[in-house]
Amino acid sequence: MITFDHVSFTYDGEQFVLKDIDLTIEAGQFVCVLGANGSGKSTLSKLINALLLPDKGHVFTKDMDTAESENLFLIRSNAGAVFQNPDDQLVASLVENDVAFGPENLGIENPELRDRVTEALHIVGLSGSEKRETTALSGGQKQRVAIAGILAMHPEILIFDEATAMLDPRGRRSLMRVCKDLHQRGMTIIMITHFMEEAAQADRVIVLDEGSVVLDGTPDEILTQDEKLRELNLDVPFAAQLSRMLQDRGIDVATHIETESLQKELLERFNITLNTEA
Ligand SMILES: Nc1ncnc2c1ncn2[C@@H]1O[C@H](COP(=O)(O)OP(=O)(O)OP(=O)(O)O)[C@@H](O)[C@H]1O
Ligand SMILES: [Mg+2]
């Protein structure tokens, strides 16, 4: 469980970029954090694994106060974070060494270490790339290596701060599948994203605006509030826009947030069968 208890944070001692945040994230929850640029998402995520400490209030990660230095090792090894730019995150020149770096620092030894590296590279779709030079990889491939490095530490909490921004659509979809899979195995996932189709798949969506939580609920509750989302400078999911357009034209469909489910309803409604084998 992660708790923000009246947390405020300032970088310069003057302007608070997080203001009195009160939040509880249950273990095993898959949470998406949305918000315009500068709304405080990255700052929030860095408070979870004690990269930053609150100026007011307390953050408890797995019930440990992040401000107490004796908790630091346990917090960092339990809450792994992947950021947007993989160049800042890779530490070794060979892929396998990079992925092994985190777990090795936790004291994991061979043969378990080797197994973890193999497993993590498999999960991110990079099996067979063990001996490749990290400098010779594309941005998206580097990002997968960074993710594998975190997965190999077997954290209980996984934080993705726009970690999919560099990936192509297929890479993003496959990472979402990985996230859902890890979530099903009990991992807590905090995903910061600008992609609504990713947010649609979470258990819970939290929206920040100027350092405060302004919306908090299920994807269906939050992502269908088109006017509010536009006001907050956020996208409205394509499926929600189209649902609304159809409703305005008198077609009685539910408001969907995922394209597949809208498509399914429309196909059923109009009795259309797609020949998927063609
Ligand atoms: N290292 C820093 N020093 C000073 N101010 C900072 C620093 N990092 C962020 N800020 C400021 O804190 C506020 C919140 O920034 P943060 O990076 O948390 O936003 P964000 O929601 O992650 O934005 P983005 O969508 O652009 O990543 C912004 O006003 C930003 O200018
Ligand atoms: Mg950010």
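In this predicted model, Phe4 of strand E1 has Leu23 as its bridge partner in strand E2. Helix H1, made of residues 41-48, packs on the sheet and touches E1, E2 and strand E4 (56-61). The direction of H1 makes about 125° with that of E1.

Back to the strands themselves. Phe4 also has a bridge partner in E4, and that one is Val59. Right beside Phe4 in the numbering, Thr3 stands opposite Thr24 in E2. These pairs belong to two sets of bridges: E1 (residues 2-10) is joined to E2 by six, and to E4 by five. E1 and E2 run antiparallel, and E1 and E4 do too. E1 and E2 make up a hairpin, with five residues between them. The turn of this hairpin holds Gly13, which has a positive phi of about 80°.

Now for the sheet as a whole. Strands of a sheet pair through backbone hydrogen bonds, and the pairing can be parallel or antiparallel. Here the sheet is open, has four strands in the order E2-E1-E4-E5, and shows antiparallel pairing. What stands at the edges of this sheet? Those places go to E2 (16-25) and E5 (64-65). Each of them has a single partner strand, so one side of each is left without a neighbour in the sheet.

Further along the chain comes helix H6, which covers residues 169-184 and so counts 16 residues. From its first C-alpha to its last, H6 reaches 22 Å, close to the 22 Å expected at 1.5 Å a residue. After H6 comes Gly186, and its phi is positive, near 105°.

How values were computed
Residues are numbered from 1 along each chain as its sequence is written. Chains are lettered from A and ligands numbered from 1 in the order in which they are written. This is a predicted model: local features need pLDDT of at least 70, side-chain atom pairs count only at pLDDT 80 or more; totals for chains, interfaces and linings use all residues. The expected span of a helix is 1.5 Å times one less than its number of residues. Two strands pair if DSSP finds at least two bridges between them. Two residues are in contact if their C-beta atoms, placed from the backbone, lie within 7 Å. Axes are lines fitted to C-alpha atoms, for helices over the stretch in contact, and angles run from 0 to 180 degrees between N-to-C directions.
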